[in-house]
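Please look at the sequence and the structure shown here, and keep both in view while reading. The paragraphs that follow go through the strands, the sheets and the contact between the chains in turn.

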Amino acid sequence: MTSTLPYSELPALMTLMTGDEKHDPSSTSTLDVLWVLYRDVLRVAPNFPDDPDRDRFLLSKGHGPMAYYAVLAAHGFLDRDELRSFGSFESPLGYHPDATLVHGAEISSGSLGHGLGLAVGVAIGLRLTERTAPRVIVLTGDAELDEGSNAEAIQYAGRSALDRLTAVVVDNDSDGLGWPGGIASRFGVEGWATIDVDGRDHGALRRAFNAKHSDRPLAVVAHIETGVAA
Amino acid sequence: MSAAVNAEADPTTAAAEEQRERFYRLVPELLRGDRRRVLVLAEIGAGYLDPVMSAPVSERILNVGIREQLMLGVAGGLALTGLRPIVHTFPPFLLERPFEQVKLDLAHQGVGALLVSAGGSYGWPTGGQTHFGHRDVALLDTLDGWTVHVPGHPDEAEALLRRAVAGEDRVYVRLDVTSNAQPYDIGDGHMTMLRHGNAGTVIGVGPMIERVLAATAKRDVTVLYATTVRPFDADSLRSTLTEPDVVLVEPYLAGTSVAQVSDALRAVRHRVLGLGVRQAELRRYGTIADHDAAHGLDVAGLRRSIDDFLSC
């Protein structure tokens with residue numbers, strides 16, 4: 001996969017959507033994780049969006065999708081005019097992504113707690129159709145894990161040894177009640193491999209996503225500074 | 001097709017086999033018929049199906065445990081990979097508990113599934129309110145693009161299931177515990193006229209039709225039989241209409257299809273009565289017949305309501 005635009009261009013792409021004069025990458029919790037996924041991990045290409053052997057990236061945390069759209073644009077899935085139309089009536093780009101409108105988006109999201117269940121279904125579907133190459137990577141937030149639907153998916157994915165499934169939890173300590181004992185332990189006890197990583201460290205994120213987890217799903221908990229929005 | 005039914009027939013006459021049993025018996029064949037078909041369960045039904053399933057079909061039966069949100073999420077994910085999910089449990093756990101998954105994990109993702117419920121409105125009367133399913137069709141009416149089948153006999157259920165699983169769209173098949181003594185419908189999506197009259201139309205849905213025939217035996221009304229209620233067959237209602245008085249008899253929430261009738265007859269001054277399961281919570285157990293009587297859905301209750309309406 002060829003990156004058409006560098007990381008340093010992402011703030012300018014986000015400015016096309018928000019009109020803010022400048023965007024500090026550190027103001028967006030998901031930006032570094034998304035960047036590393038699309039640059040170093042996912043095997044996806046804008047000219048083959050329906051390739052059955054492509055990796056699947058499911059953005060479950062659909063709130064605050066500017067970083068997602070910017071990374072999709074940097075990789076040729078979206079163009080600048082589409083970014084400028086962000087949120088307008090004719091735009092494919094809403095404040096929550098609609099997969100039937102956004103080129104390159106695998107799922108529609110916005111209501112929290114749907115992506116993990118969908119990802120489990122996608123992983124099983126690929127296994128049943130003997131497509132063993134694609135990875136299924138789903139991004140959630142730490143507060144999103146409040147939704148009980150996630151617990152159902154985490155339990156079942158662990159028992160089913162869905163080894164092609166990866167969940168990345170962007171943890172910016174936004175959860176109201178917190179997670180005593182940490183988020184990773186919720187996955188670990190259900191049979192997932194888990195890695196805690198600095199969510200701003202590109203090299204560490206890359207190593208985490210490529211870590212071996214041959215017989216079980218992988219949870220990567222990407223820690224971000226407390227209080228960072230979306 | 002004419003109605004060869006004794007006007008005073010016992011309205012709770014049941015077919016030898018329940019619709020749900022026919023579905024379970026059909027599952028191995030449906031799964032063998034296309035490798036893309038996958039049955040997703042949340043415990044309910046697993047006990048029935050385990051003995052009849054064998055490899056390689058058994059790998060395409062997923063029991064996710066008592067996790068109904070996941071059941072629908074998995075169905076949506078399977079459909080995103082090009083598979084045809086079949087999802088099955090009791091109506092409240094299929095459509096009410098995971099309603100947002102029905103809404104967002106299927107239609108909003110742009111994919112379809114076949115949802116098959118069993119138990120109807122009060123097929124397990126001793127189970128009480130937690131297991132009653134009469135809200136199902138009304139709930140689906142808030143969503144776009146659902147086909148809804150309400151078979152009245154195991155043979156009708158089988159025909160509708162075979163047709164529904166072969167498509168890619170969103171279909172709900174409502175399997176009731178109560179069945180008619182015989183099938184009446186050819187399953188083409190249109191209502192079937194079982195009797196022609198001149199003083200109004202009574203539409204009986206699925207397992208309600210034999211009691212409708214019994215309750216209207218002495219009235220000069222047209223009787224239409226519907227197993228496919230969404231999309232609603234407005235053409236048949238209009239083309240057979242005489243006096244524009246219409247009674248709907250549905251085995252789920254009373255009035256569920258009144259809006260469809262009103263829309264079908266929007267160019268005609270008309271009256272419509274919607275009979276079905278009443279909204280008030282009874283807090284009663286007992287038998288199916290007890291609940292039929294309590295909701296006015298036995299022959300005597302239907303005759304009373306229909307006579308009152310058509311006489312005024």
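In chain B, strand 7 and strand 9 (residues 222–226) run antiparallel to each other and are paired over three bridges, where two strands count as paired if DSSP finds at least two bridges between them. Strands (E, at least two residues) and helices (H or I, at least four) are DSSP runs, numbered from the N terminus. Within this pair, B:Arg195 has B:Val223 of strand 9 of chain B as its bridge partner. Strands of a sheet pair through backbone hydrogen bonds, either parallel or antiparallel.

Before going further, note that this is a predicted model, in which local features need pLDDT of at least 70 and side-chain atom pairs count only at pLDDT 80 or more, while totals for chains, interfaces and linings use all residues. Residues are numbered from 1 along each chain as its sequence is written, and chains are lettered from A and ligands numbered from 1 in the order in which they are written.

The pair just described belongs to an open sheet of five strands in chain B, with the order 7-9-8-11-12 and mixed pairing. Strand 7 (192–195) and strand 12 of chain B are at its edges with a single partner strand each, so one side of each has no neighbour in the sheet. On average, neighbouring strands of this sheet are turned by 25 degrees against each other, direction ignored; the axes behind such angles are lines fitted to C-alpha atoms, for helices over the stretch in contact, and angles run from 0 to 180 degrees between N-to-C directions.

Strand 11 of chain B deserves a closer look. Strand 8 (residues 201–205) of chain B pairs with strand 11 of chain B in the parallel sense over four bridges, and B:Ile203 stands opposite B:Leu248 there. Strand 11 of chain B also pairs with strand 12 (residues 271–277) of chain B, again in the parallel sense, over six bridges, with B:Leu253 opposite B:Val277. Because eight of the nine residues of strand 11 (residues 245–253) of chain B are buried, this strand is largely enclosed by the rest of the structure; a residue is buried if 20 or more other C-beta atoms, placed from the backbone, lie within 10 Å of its own.

Chain B also holds an open sheet of seven strands, in the order 2-1-3-4-6-5-10 and with mixed pairing. Strand 2 (61–63) and strand 10 (228–230) of chain B form the edges, each with a single partner strand, so one side of each is left without a neighbour in the sheet. In this sheet, strand 4 (residues 114–118) and strand 6 (residues 170–175) of chain B run parallel and are joined by five bridges, and B:Leu115 has B:Tyr172 as its bridge partner.

Where do the two chains meet? The contact takes 21 residues from chain A and 24 residues from chain B, two residues being in contact if their C-beta atoms, placed from the backbone, lie within 7 Å. On the side of chain A that touches chain B, helix 5 of chain A gives the largest share, 10 residues.

Finally, the largest nonpolar core has 158 residues, and A:Val120 and B:Val40 have the most contacts inside it; such a core is a set of buried Ala, Val, Leu, Ile, Met, Phe, Trp, Tyr and Cys residues joined through C-beta atoms within 7 Å. Its largest share, nine residues, comes from helix 3 (residues 66–74) of chain A.

Technical notes:
Buried ≥ 20, exposed ≤ 12 C-beta atoms within 10 Å, placed from the backbone.
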